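This report walks through selected features of one protein model, beginning with a hairpin and the sheet around it. The sequence and the structure come next.

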Amino acid sequence: MSEQTQEPGSSAPRRVVVAGAGMAGVQTAVALREQGFTGTVSLIGAEPHQPYDRPPLSKAVLLGKAEGSAFDVDFEALGIELRLGCEVLGLRPGDHELDTEDGPVPYDVLVVATGAEPIRLAGAEGVPGVHLLRTLDDAERLRPVLVRRHDIVVVGAGWIGAEFATAAREAGCAVTVVEAAERPLAGALPAEVAAPMAGWYADAGAVLRTHARVERVEPGTVVLDDGSRLPAGAVVVGIGARPATAWLSGSGVELGTHGEIVADQHLRSSAPDVYAVGDCASFPSGRYGERLLVHHWDNALQGPRTVAVNIVGRASGETPAVYDPVPYFWSEQFGRFVQYAGHHAAADTTLWRGDPAGPAWTVCWLRGDRLVALLAVGRPRDLAQGRRLIESGTPMNPALLADPARPMKAATA
């Protein structure tokens with residue numbers, strides 16, 4: 001995408017409105033104060049709860065080990081106005097107004113951080129016992145299901161499906177995971193990398209059925225397209241998420257093929273004075289030479305710092321900061337800590353460190369002699385060192401890198 005047309009303002013913005021009270025929205029509001037912004041900051045969230053972190057929902061909150069995961073932020077002390085239980089409905093950039101359930105909200109600068117929403121299973125809406133796991137309310141509805149040790153069918157063997165299956169097995173539930181593709185994580189990892197993970201399900205006592213499409217869901221039963229009928233006291237759907245941007249229809253803000261806001265390298269949208277951050281926005285990566293749409297926690301943590309710097313620096317004409325991170329995420333599943341850094345799509349070499357049949361191993365992806373991504377299972381030191389090597393673009397020695405006993409930082413060319 002070409003450089004956006006916004007110009008630095010002649011005076012500092014007086015009012016910044018942040019739409020979305022998840023990680024990206026909260027961190028944007030906090031970062032504005034950390035950068036010295038003294039104007040009004042309003043944080044608008046659709047849910048009535050105090051803003052909270054999402055990763056614990058599939059772990060401690062779901063299992064009843066924690067009541068919630070509210071951010072440890074003193075919004076009042078920071079002078080951040082919270083408007084909770086208020087859904088955004090539309091945007092009129094020409095008027096610099098955000099339309100909400102409570103009426104129009106004027107802004108000098110708007111930051112869109114509305115995140116992503118789960119994709120629903122077609123035909124399952126309104127069927128009793130069908131659940132999503134995205135919000136605090138979702139987790140609280142699922143907690144008694146685990147306590148009662150229902151037979152559970154999980155639809156989708158992605159990251160969230162594996163994490164929920166892990167929690168359900170820990171709670172003593174019988175779990176069957178159905179996946180339409182031929183392997184888990186089919187949309188995220190190459191076949192040879194995802195293959196070892198398929199065995200984790202059986203190791204944990206869960207049943208994984210691949211090439212299995214859901215024909216329909218009946219009360220207490222999931223019917224597959226081959227006619228199989230799976231008993232299901234509850235069904236948990238984890239088949240992906242899409243940017244929560246339908247409310248921007250007709251606003252003129254450019255959206256991409258996945259419905260995401262098409263932001264530039266400074267995280268500005270195509271509309272004047274409108275930034276976008278987190279799960280709802282894609283950005284051009286100079287590091288990887290393509291546009292990235294990253295639906296992970298770290299992106300929602302890092303992006304707001306760039307947005308805040310650019311908002312505060314506008315009036316003084318400072319050169320805008322560029323957002324070009326090494327993407328990172330983690331997942332805890334079936335007793336394993338899985339971490340990923342980078343972007344492997346453009347790699348030309350795949351290299352293994354350790355035996356994937358064992359408890360700890362790493363996959364490295366290289367383009368030429370440069371590390372561009374890695375997946376570490378139970379090897380957090382590999383992840384930490386590898387992430388720094390990706391950032392620095394340090395040339396690697398593949399023969400040394402393949403030795404799992406050698407620290408990655410000592411495997412350079």
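In this predicted model, strand β22 (residues 328–333) is joined to strand β23 (residues 336–342) by 6 bridges, and the two run antiparallel. Within this pair, Glu332 has Phe337 of β23 as its bridge partner. The hairpin formed by β22 and β23 has 2 residues between the strands, and Phe334 takes a positive phi near 50° there.

The hairpin belongs to an open sheet of 5 strands, ordered β22-β23-β26-β25-β24 and paired in the antiparallel sense. Because β22 and β24 (349–353) stand at the edges with a single partner strand each, one side of each is left without a neighbour in the sheet. When direction is ignored, neighbouring strands of this sheet are turned against each other by 15° on average. Toward the β24 edge, β24 pairs with strand β25 (residues 361–367), again antiparallel, over 5 bridges, and Arg353 stands opposite Thr362 in β25. Helix α4 packs on the sheet, where it touches β22 and β23, and its direction makes about 30° with that of β22.

The two strand pairs described above are set out here.

| Strand pair | Sense | Bridges |
|---|---|---|
| β22 (residues 328–333) and β23 (residues 336–342) | antiparallel | 6 bridges |
| β24 and β25 (residues 361–367) | antiparallel | 5 bridges |

Turning to the helices, α3 (residues 136–147) has 12 residues and reaches 17 Å from its first C-alpha to its last, which is close to the 16 Å expected at 1.5 Å a residue. Its buried residues are Leu136, Asp138, Ala139, Leu142, Arg143, Val145 and Leu146. These residues lie on the same side of α3, because they cover an arc of only 165° around the axis. The elements against which the buried residues of α3 pack are β9 (130–131), β10 (151–155), α4 (159–170) and β16 (234–237). Just after the helix, Arg149 takes a positive phi of about 55°.

Which residues have the most contacts inside the largest nonpolar core? That core has 93 residues, and those with the most contacts inside it are Ile152, Phe164, Leu189, Trp365 and Leu375. Leaving aside residues up to four places away in sequence, Ile152 touches Val145, Leu146, Phe164, Ala168, Cys173, Ala174, Val175, Thr176, Ala234 and Val236. A second core, separate from the largest, has 20 residues and includes Tyr107, Val112, Ala271 and Val274.

Notes: Residues numbered from 1 in each chain as written. Predicted model: local features only at pLDDT ≥ 70, side-chain atom pairs only at ≥ 80, totals over all residues. Heavy atoms only, no water. Core = buried A, V, L, I, M, F, W, Y, C linked by side-chain atoms within 4.5 Å. Buried < 20%, exposed > 50% of the residue type's maximum accessible area, 1.4 Å probe, protein only. Contact = heavy atoms within 4.5 Å. Pairing = 2+ DSSP bridges. Helix = DSSP H or I, 4+ residues; strand = E, 2+ residues; numbered from the N terminus. Expected span 1.5 Å × (residues − 1). Arc of directions from axis to C-beta. Axes fitted to C-alpha atoms, helices over the stretch in contact; angles between N-to-C directions.
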